[in-house]
Each structure stands twice: as structure tokens, then as C-alpha cells.
Amino acid sequence: MLHTKIPQIEEIVEEAINQASLSGEPQFISIVNQIDYTDSIAFLDRASKIDQHRLFWRSADEEFTLVGVGSTKKILSANAHRFNEIEAVWNEIQQEADVYDILHEKGTGLVSIGGFSFDTAQENGKPWEGFPDSQMTIPMYLLTNKGDHSFLTTNILILEEDHKQQIVHQIKRDHEQLLFGEREELKLPKCIGRSDVEPEKWKAIVEEATSDIKDKELEKVVLAREVRITFSEDVELAAVIEKLCETQTNSYIFTFESDGDYFVGATPERLAKVDNQGLVSTCLAGTIPRGTDVDEDRKLGEQLLNDPKNRQEHEFVVQMIREAVEACCYNVTIPEEPIVYPLRNLQHLYTPVTATLEKGYTLLDVVARLHPTPALGGLPQQTSVDYIRKREILNRGWYAGPIGWFDGKNNGEFAVAIRSALIKKKAASLFAGCGVVEDSDPEAEFAETAVKLKPMLSALGGY
């Protein structure tokens with residue numbers, strides 16, 4: 001049930017219609033209610049009967065989940081200044097919106113969820129037709145779970161010709177479906193096929209890249225490859241997210257739906273988080289598998305810590321993030337040595353970064369400075385992105401791009417969309433990349449990407 005002390009929704013809608021009639025302009029209203037605890041997967045599943053634009057975000061290091069349904073407003077941009085453009089539109093929306101919120105909880109009220117492509121200059125063709133270059137969405141309905149507390153935000157754009165009873169009836173009917181609607185048993189379909197996309201050509205590109213690095217064309221480049229799998233029937237989004245939440249407990253779980261296509265993932269890599277002007281970023285680069293027992297796990301971790309290639313790759317990321325964060329923050333703290341960060345299938349080198357965001361800067365300012373990090377693109381930054389665009393076999397689309405959320409209270413978090421898959425009904429494309437330097441071995445890099453593909457393959461029932 002809903003728990004609220006704000007004016008009844010009928011009064012809010014009626015007032016918004018009156019204001020729209022007087023001004024001739026649409027009125028944006030946002031209403032926040034605390035509700036009984038609601039399971040996020042159940043909410044996501046029930047939402048399929050309301051809209052095919054669903055959004056999901058679960059934090060990696062706190063009990064915090066967002067589930068968005070529908071789209072009251074999409075903020076789009078498709079040029080080199082996309083972060084600034086989206087920030088400008090977001091500020092306008094905040095100034096014009098009427099927010100009914102006596103709770104002031106993080107991730108409630110005006111919240112925008114979405115992502116950005118890896119490369120604005122890469123043609124946004126197949127298989128990413130449903131995903132614009134940059135899109136942040138203010139959902140019509142938003143479930144926010146913090147610990148064992150749930151909040152429901154309703155965002156509506158009111159026009160002067162709208163009818164109060166019609167709108168109120170629709171909202172109440174949607175609330176009933178989202179909170180109490182019947183559910184089907186979640187089950188992933190059987191995986192019936194797998195193919196690696198042009199593996200020998202990919203290895204040849206890695207070999208070519210090592211030569212170009214030796215010739216000083218660039219210092220490092222991250223090259224990604226694709227694996228395609230097929231299923232016996234269409235994949236249900238909630239079943240995938242449930243499996244990822246069960247198996248990838250230390251990762252950010254995300255999904256963005258567009259007309260029935262799903263971009264999903266379980267990424268360990270935070271790009272940046274802002275909470276009350278406190279900024280946290282993560283240097284995550286360098287990879288090795290988990291061991292079969294504690295002793296092997298420890299030995300592999302030590303091997304990773306002492307491996308020159310992985311340490312060099314990690315240091316590239318540390319220095320780039322240091323430079324980006326120091327440009328808009330103070331009190332910057334970065335440990336001198338990385339530690340090993342274990343996930344279910346993999347271990348990474350990890351260095352945390354903490355700082356205080358300078359006044360006048362926002363989370364998107366930080367994201368714009370960080371993307372793409374050397375862990376996703378290479379060095380020099382623009383040279384490596386150009387190199388990837390010209391030589392990589394796949395169209396990255398939103399893979400390896402920044403994905404996340406921000407709210408009207410200056411909170412938010414973005415991660416990097418790796419360990420991910422694009423699902424289209426009975427088929428899925430999975431992506432993984434590796435950092436190539438001058439002494440990289442194509443076979444070893446292919447094996448590393450195979451390890452990185454395991455989390456999504458396992459969640460989807462692949463092999």
C-alpha cells in the first residue's frame with residue numbers, strides 16, 4: 001500500500017491541468033510516495049504489461065536498486081558535446097517541474113536513468129537501432145529500493161487538454177499492476193547455439209595492433225570481440241536480471257529496454273559516484289581467473305599483482321583517472337598500490353579513488369572527463385578511439401559506454417557497460433575486450449576475453 005502525507009493525486013493533477021490551461025505550456029509533475037517493501041524483480045516483471053521501455057540499476061556496494069517503467073521524458077544528444085547538452089536540458093526540467101516529495105530520499109523524485117554510446121563518431125547501425133547515441137530517461141514510474149524501504153515515484157507530463165479522471169484512473173490502474181499484478185514463473189529459455197564472430201580475424205587485428213604500438217602509433221588499445229548465442233524461445237528480461245542478481249553479487253546489474261530489445265549486464269567497473277559532493281571513482285584494470293580452491297585463488301591473485309603487463313595496464317588507468325578527477329575535485333586520495341578485487345569468475349587489480357567535488361561541477365562533468373578510460377579505449381585517448389573505430393569488427397554501440405543515473409538532489413552513479421549483452425528476442429550478442437600493448441600475445445588475449453565472457457554466458461545458460 002501507499003504511505004503518503006502529500007496532497008491526493010486528484011488534487012495534484014487538477015492543479016497541473018489548470019496551470020497548463022493558464023500558461024499554455026505542459027506541466028511536469030513528480031509525486032513521491034513511500035510504499036510497502038516491493039521486490040524489484042517482481043516490479044520489473046509486472047511492468048512488461050505496461051510498457052516496453054524498462055530500466056534497471058542495482059548498485060554493487062550498497063543495497064540500492066532502481067526500476068524504471070515507461071518514459072515521461074527522454075533527453076537525447078548525438079554530438080561531441082552530448083554530456084553538456086544533456087546537463088542543460090536536465091537543468092531546465094528541474095527548474096520547471098513541480099516535485100511533491102516530503103521524503104527527500106536519494107534516487108527518488110526527478111531521476112534520470114540511461115547511457116551513452118562508446119563512440120559518437122561510430123555509425124549507430126546494426127544491431128543498435130533501438131539505442132540512440134545518448135539517452136537519459138525520466139521514467140513514468142520509478143521504484144527505488146534502499147535497504148528494506150521502498151519508494152514509488154510517479155512522473156507525469158500534463159497537457160491543457162488532459163482530463164483529470166482519465167489520468168488519475170490510468171495512474172491508479174498502473175500502480176495496481178506494478179505492485180499487485182500476477183506474475184509468471186521466471187525461467188530462462190534453453191541456449192541452443194553459440195558462435196564466436198571471426199575469431200581468427202580478431203587475433204590478426206590484435207597482432208597488427210602490437211606492431212603499431214611498437215611503431216609508436218599509440219601506447220595501448222582495447223580491442224573487443226563478439227560472441228553470438230541463440231535460444232529456443234524469446235528471452236524474458238526479468239529472468240535474465242534475476243539470474244544476474246543471484247550470481248554476480250559484487251557487480252552493478254543493469255538493463256535498458258528499447259522496443260523489446262534488452263541491453264543487460266553485470267559490470268564490476270564504477271566510473272564515478274557522487275553523494276553529497278563526495279566523489280568515488282574506481283581504477284579497475286588487469287584480469288586473471290579465480291582459482292578452484294583458496295590456495296590456487298591466492299596464488300593467482302599474487303600472480304596478477306606481480307604481472308608487468310597487468311600492472312602497466314592498471315597504472316595507465318590510475319594516472320588518467322587521477323588527472324581527470326584533480327581537474328574538478330579537491331581532497332583527492334589514491335592509494336599507491338592496487339589490491340586484488342575478486343568477483344565470481346574473475347579477479348581484477350583495483351585502486352579506489354575518493355575526492356570532494358568542487359562547487360559548480362556535476363557528476364556528468366566527471367563522466368565527460370573520464371570516458372573512455374584507458375581500460376576501455378587505450379592511450380592516447382582519441383588516437384585509440386579512432387583506431388578502434390577503423391579496425392574493430394563489431395559496432396560497440398552502448399557496450400563500454402557510461403551507463404547510470406542521477407537525481408535532482410545531485411546524487412548519482414555511472415558505471416562502464418562491460419560484461420554485457422544485447423538481447424533481441426531469441427538471439428544475443430555478448431561483448432568482451434582486452435588491453436593490447438606491444439608484447440601482447442593474440443592467443444593469450446583471446447583466452448582473456450573468453451574468461452570475461454563467462455559471467456554473461458553463464459547467466460544466459462551458454463557454454
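A pocket, in the sense used here, is an open set of grid points with protein on both sides within 12 Å along at least five of seven lines. With that in mind, we can start our walk through this predicted model at its largest pocket, where about 330 Å³ of space lies.

Who stands around that space? The largest pocket has a lining of 17 residues, and A80, R82, F83, T120 and H371 are the ones nearest its centre. Two elements, α3 (82-96) and α10 (381-391), give two or more residues each to this lining. Of these, α10 gives the most, with four residues. Sorted by class, the lining holds seven nonpolar, seven polar and three charged residues.

Let us turn from open space to closed space. Rolling a probe the size of a water molecule over the atoms shows where empty space is left. How many cavities of 30 Å³ or more does a search of the whole structure find? There are three, and about 210 Å³ of space lies in the largest cavity. Its lining is made up of 22 residues, with A375, I418, R419, G433 and K452 closest to the centre. At least two lining residues come from each of β16 (278-289), α8, β24 and α11. Strand β24 gives the most to the largest cavity, with five residues. By class, this lining divides into 11 nonpolar, six polar and five charged residues.

The second largest cavity holds about 60 Å³ of space. Around the second largest cavity you can find residues including H53, L55, F131, F256 and W398. Strands β8 (134-138) and β13 (252-258) each supply at least two residues of the lining, and β13 gives the most, with three. Here the classes come to four nonpolar, six polar and one charged.

F256, which we have just met in a cavity lining, also leads us into the protein's core. The largest nonpolar core has 80 residues, and F256 is among the four that touch the most other members, together with W57, F263 and F414. Helix α8 (residues 308-326) gives the largest share of this core, six residues. There is also a second, separate core of 52 residues, and I29, V67, A239 and V264 belong to it.

Next, follow helix α5, which runs over residues 199-214. Its 16 residues reach 23 Å from the first C-alpha to the last, close to the 22 Å expected at 1.5 Å a residue. Which residues of α5 are buried? They are W202, K203, I205, V206, A209, T210, D212 and I213. Among what covers them are β12 (220-231), α10, β24 (427-436) and α11 (442-459). So α10, which gives four residues to the lining of the largest pocket, appears again here as part of the cover of α5. After α5 comes K216, with a positive phi near 70°.

Our last stop is T153, placed in strand β10 (residues 149-158). Is T153 buried or exposed? Buried means under 20% relative accessible area, so T153, at 0% relative accessibility, counts as buried. Leaving aside residues up to four places away in sequence, T153 touches S30, I31, V32, T108, G109, M140, Y141 and L142. C191 makes a useful landmark for a look across the model: T153 and C191 are 38 residues apart in sequence and 37 Å apart in space, C-alpha to C-alpha.

Definitions and conventions. Residues are numbered from 1 along each chain as its sequence is written. This is a predicted model: local features need pLDDT of at least 70, side-chain atom pairs count only at pLDDT 80 or more; totals for chains, interfaces and linings use all residues. Side-chain values use heavy atoms; hydrogens and water are left out. A nonpolar core is a set of buried Ala, Val, Leu, Ile, Met, Phe, Trp, Tyr and Cys residues joined through side-chain atoms within 4.5 Å. Buried means under 20% relative accessible area, exposed over 50%, partly exposed in between (1.4 Å probe, protein chains only). On a 1 Å grid over the protein atoms alone, a cavity is a set of points where a 1.4 Å probe fits but cannot get out, and a pocket is an open set with protein on both sides within 12 Å along at least five of seven lines; lining residues have an atom within 4 Å of a point. Grid points are joined across faces, edges and corners, and a volume is the space filled by probe spheres set on the points. Ala, Val, Leu, Ile, Met, Phe, Trp, Tyr, Cys and Pro count as nonpolar, Asp, Glu, Lys and Arg as charged, and the others, Gly among them, as polar. The expected span of a helix is 1.5 Å times one less than its number of residues. Contact means heavy atoms within 4.5 Å.
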